[in-house]
Amino acid sequence: MTGVNLTVWILGPVLGLMTFLFIFRIILTWYPQVNLNRLPFNLIAWPTEPFLVLLRKLVPPIGGVDITPILWVGIFSLVREILLGQQGLLTMMARVN
């Protein structure tokens, strides 16, 4: 297994999991009474909150709605497609080896 294949093998599930967690985070915004410090919700909040804090500094809420989880879904999907899609950089590098 080459370094590129190992990177694809690790990066694919990580990017997919983060996208999945951010989608759940979007759903949790519909229920403001949910305590994000209790199980199982903290399993979603813990890995996503550092990303959200970074982007919240740049993107304020629009009409009182925090859109940063939606932006992160887009960012992770774009990165996954650029690196691991059919014409992705890592996919093409793995084909060369």
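## Where the chain ends meet

V4 counts as buried, with a relative accessibility of 13%, which puts V4 below the 20% cut-off for that class. This residue belongs to helix α1. The structure discussed here is a predicted model, so please read each value below as computed from predicted coordinates.

V4 also takes part in a long-range contact. Along the chain, V4 and L90 are 86 residues apart, yet their C-alpha atoms are separated by 6.6 Å.

## Helix α1 and its annotated span

Helix α1 covers residues 3-29. UniProt, in an unreviewed entry, annotates residues 6-28 as a "transmembrane region". How much of residues 6-28 is helix, and how much is strand? The model gives 100% helix and 0% strand for this span, and the C-alpha atoms at its two ends lie 33 Å apart.

A nonpolar surface patch is made up of L17, F20, I23, F24, I27, W30 and Y31. Together these residues offer about 700 Å² of accessible area. A general point about helices helps in reading such a list: an α-helix has 3.6 residues a turn, so residues three or four places apart point the same way.

## The loop between α1 and α2

One member of the patch, W30, sits in the loop that runs between α1 and α2. Is W30 buried or exposed? W30 counts as exposed because its relative accessibility is 58%, and the cut-off for that class is over 50%.

The loop between α1 and α2 also holds P40. The peptide bond leading from L39 to P40 is cis, with an omega near -5°. For context, most peptide bonds are trans.

## Helix α2 against helix α1

Helix α2 spans residues 42-56. Among its residues is A45, which counts as buried at 9% relative accessibility. A45 and L21 are 24 residues apart in sequence, and the distance between their C-alpha atoms is 8.3 Å.

T48 is another residue of helix α2. With a relative accessibility of 0%, T48 counts as buried. The C-alpha atom of T48 is separated from that of F24 by 10 Å, and these two residues are 24 residues apart along the chain. F24 itself belongs to the nonpolar surface patch described above.

## A salt-bridge network

How many salt bridges does a search of the whole structure find? The search finds three. In one of them, E49 pairs with R25, and the closest N and O atoms are 2.6 Å apart. This pair links distant parts of the chain, with E49 in helix α2 and R25 in helix α1, 24 residues apart. The two partners differ in exposure class: E49 is partly exposed, with a relative accessible area of 25%, whereas R25 counts as buried at 6% relative accessibility.

E49 also forms a salt bridge with R56, where the closest N and O atoms are 2.7 Å apart. R56 is partly exposed, at 33% relative accessible area. R56 in turn meets D66 in a salt bridge with an N to O distance of 3.0 Å. Because R56 lies in helix α2 and D66 in the loop between α2 and α3, this pair ties together parts that are ten residues apart in sequence. D66 is partly exposed as well, with a relative accessible area of 24%. Through shared partners, the salt bridges join R25, E49, R56 and D66 into one network.

## Helix α3 and its two sides

Helix α3 runs over residues 68-84, a length of 17 residues. Does its end-to-end distance agree or disagree with the expected span? At 1.5 Å a residue, helix α3 should span 24 Å, and its end C-alpha atoms are 23 Å apart, so the two values agree.

The buried residues of α3 include T68, P69, W72, V73, F76 and L84. They are on the same side of α3, because they cover an arc of only 145° around the axis. The other side of α3 carries L78 and E81, which are exposed.

Conventions: Residues are numbered from 1 along each chain as its sequence is written. This is a predicted model: local features need pLDDT of at least 70, side-chain atom pairs count only at pLDDT 80 or more; totals for chains, interfaces and linings use all residues. Side-chain values use heavy atoms; hydrogens and water are left out. Patches are made of residues with over 30% relative accessible area and no salt bridge: like charges are joined within 9 Å, nonpolar side chains (Val, Leu, Ile, Met, Phe, Trp, Tyr) within 5 Å. Accessible areas come from the Shrake-Rupley method with a 1.4 Å probe; for residues, only the protein chains shown count as cover. A salt bridge is a side-chain nitrogen of Lys or Arg within 4 Å of a carboxyl oxygen of Asp or Glu. Helices (H or I, at least four residues) and strands (E, at least two) are DSSP runs, numbered from the N terminus. Buried means under 20% relative accessible area, exposed over 50%, partly exposed in between (1.4 Å probe, protein chains only). UniProt positions are given in the numbering used here, feature names are shortened, and annotations may be inferred rather than shown by experiment. The expected span of a helix is 1.5 Å times one less than its number of residues. The arc is that of the directions from the helix axis to the C-beta atoms.
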